Amino acid sequence: MAGANATSYDLPPLPEYTLRPLVPLSSWASDAFIQAALPVVGYWAVSLVFHAIDVYDLFPQYRLHTPAEVLKRNHVSRYEVFRDVILQQIIQIIASFSLSLFDEAPSTGKADYDVAWYAQKIRLAQRLVPYVLSTVGLDPTGLAKKLAPAQPTLASVATGGQYPGLLQAISITGESTMVPAFASWEVSLASFVYWYGIPAIQFTAAIFIMDAWEYMLHRAMHMNKWLYVPVTFHSRHHRLYVPYAYGALYNHPLEGFALDTLGAGLSYLLTGMTMRQSMWFFTGSTIKTVLDHGGYAFPWDPIHWIFPNNAAYHDVHHQSWGIKTNFSQPFFIYLDRLGGTMYKGNVEEKYERARRTAQHKLDQELENEAKAAPAESVVVTVDENMRPQGASTPRISRKKATSISLPAGNFKDLTNMVNANLHGRRANVLGMESSH
Ligand SMILES: [Zn+2]
Ligand SMILES: [Zn+2]
């Protein structure tokens with residue numbers, strides 16, 4: 001039992017409260033485990049959607065890169081990416097779950113007390129109103145008298161929060177006593193502050209903390225050669241010149257821990273979020289990272305309207321010519337602007353060149369295959385369309401069709417190879433006839 005039945009009753013008193021353990025969200029897992037596991041579930045759920053979009057080639061017009069680029073430009077296979085992401089996520093779950101063991105067991109039962117605490121502050125803040133009115137040349141007492149018949153609440157505010165008629169009976173040591181009560185608008189405003197205002201501030205602060213942490217570390221990883229050494233640190237993430245959704249967390253495990261796990265942990269601790277709040281924040285920031293590596297610049301993506309760091313913006317950072325720019329992640333880009341690290345040049349030509357080179361490489365391979373075993377002829381068509389993007393995103397447009405004669409058997413093998421490498425065994429993103 002706790003409370004604050006203060007002896008002075010010019011303020012409405014705070015109610016007593018009793019803390020009780022919070023009922024877990026699920027009967028089969030603790031909240032701490034769900035907090036650790038939900039971002040992983042979100043990661044793969046969104047990645048699967050993007051994978052399906054890739055496999056069935058649902059939005060070729062919004063692709064940032066062609067399938068030929070995915071095939072020819074990345075320095076790591078999809079299997080290796082998948083394996084390393086799983087490894088990192090296991091580390092992430094263990095770290096997050098271990099950290100949560102140091103937290104106090106979540107409890108509930110204090111909400112009414114907290115709402116009343118904010119209501120008291122609202123009542124106290126009203127004491128400033130007469131001073132403000134006098135400063136702007138109004139007479140608070142005269143104003144209150146005029147307002148009293150029609151607007152008694154406004155009259156009370158004008159006099160500095162005096163509500164003489166608002167009383168409640170409470171029991172102190174068995175005796176009923178009349179004490180001041182809150183006006184309904186004070187309780188409503190306090191509830192809004194408690195349930196929405198404070199969480200909004202916490203989420204906003206967490207976003208800024210995470211952005212700052214990731215920018216600082218990410219920039220250091222590119223500027224300091226010891227943090228960018230081949231095979232180990234951040235260079236691993238940059239084996240993906242053509243990012244795809246589930247490559248978002250393809251990092252060296254140490255980097256993943258320092259950048260994502262610690263960044264999220266810091267946001268959580270510094271903002272004083274509850275475990276349930278952090279559950280949604282971690283999952284949201286993870287999904288945001290997946291979207292930024294998705295490989296698509298959709299014109300109707302509300303998340304990227306709110307947060308300007310989008311797939312096109314981050315994609316520039318994955319290109320050899322843009323790698324020393326666009327370090328911001330995962331939400332806003334103002335730190336690149338402040339730090340002078342935002343890519344300023346025209347990207348359209350560079351994207352077009354990369355596309356042509358990858359296409360040429362693929363064509364060359366197909367031709368070599370054809371020359372190696374000339375036989376019955378089939379036609380391969382690679383037809384990709386990209387719609388121009390908005391001004392802030394790389395403008396990409398292409399229409400390339402390639403017809404090559406190939407032997408039927410080899411063509412089947414090649415198709416399978418291309419599709420298996422790109423999107424798994426049953427994929428058919430190049431629009432070729434598949435044997436499956
Ligand atoms: Zn980087
Ligand atoms: Zn990236």
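What is the handedness of the crossing of H4 and H8? Let's work up to that one and then try two more exercises. This is a predicted model in which local features need pLDDT of at least 70, side-chain atom pairs count only at pLDDT 80 or more, and totals for chains, interfaces and linings use all residues. Residues are numbered from 1 along each chain as its sequence is written, while chains are lettered from A and ligands numbered from 1 in the order in which they are written.

**Exercise 1. Describe how H4 packs on H8.**

Step 1. Two packed helices are described by the angle between their axes and the distance between the axes. Helices here are DSSP runs of H or I with at least four residues, numbered from the N terminus.

Step 2. H4 (residues 111-125) and H8 (residues 184-223) have axes 8 Å apart, at an angle of about 120 degrees. Axes are lines fitted to C-alpha atoms over the stretch in contact, and angles run from 0 to 180 degrees between N-to-C directions.

Step 3. H4 is therefore oblique to H8 (under 35 degrees is roughly parallel, over 145 roughly antiparallel, 65 to 115 roughly perpendicular, the rest oblique).

Step 4. The crossing of H4 and H8 is right-handed, meaning that the near helix is turned clockwise from the far one by less than a right angle.

Step 5. Among the contact residues are Tyr118 and Ile122 of H4 and Leu189 and Tyr194 of H8 (contact: C-beta atoms, placed from the backbone, within 7 Å).

**Exercise 2. Place Val129 in its surroundings.**

Step 1. Val129 lies in helix H5 (residues 129-135).

Step 2. Leaving aside residues up to four places away in sequence, Val129 touches Val157, Ala158 and Gly160. The C-alpha atoms of Val129 and Ala158 are separated by 6.0 Å, although their positions lie 29 residues apart along the chain.

Step 3. Val129 is partly exposed because 18 other C-beta atoms lie within 10 Å (20 or more is buried, 12 or fewer exposed, in between partly exposed, with C-beta atoms placed from the backbone).

**Exercise 3. Compare the settings of Asp57 and Asn326.**

Step 1. Most residues other than glycine have a negative phi, and most peptide bonds are trans.

Step 2. Phi of Asp57 is near 45 degrees, and phi of Asn326 is near 55 degrees.

Step 3. Asp57 is in the loop between H1 (31-55) and H2 (67-73), whereas Asn326 is in the loop between H12 and H13.

Step 4. Asp57 is partly exposed, with 16 other C-beta atoms within 10 Å, while Asn326 counts as buried, with 22.

Definitions and conventions:
Helix = DSSP H or I, 4+ residues; strand = E, 2+ residues; numbered from the N terminus. Contact = placed C-beta atoms within 7 Å.
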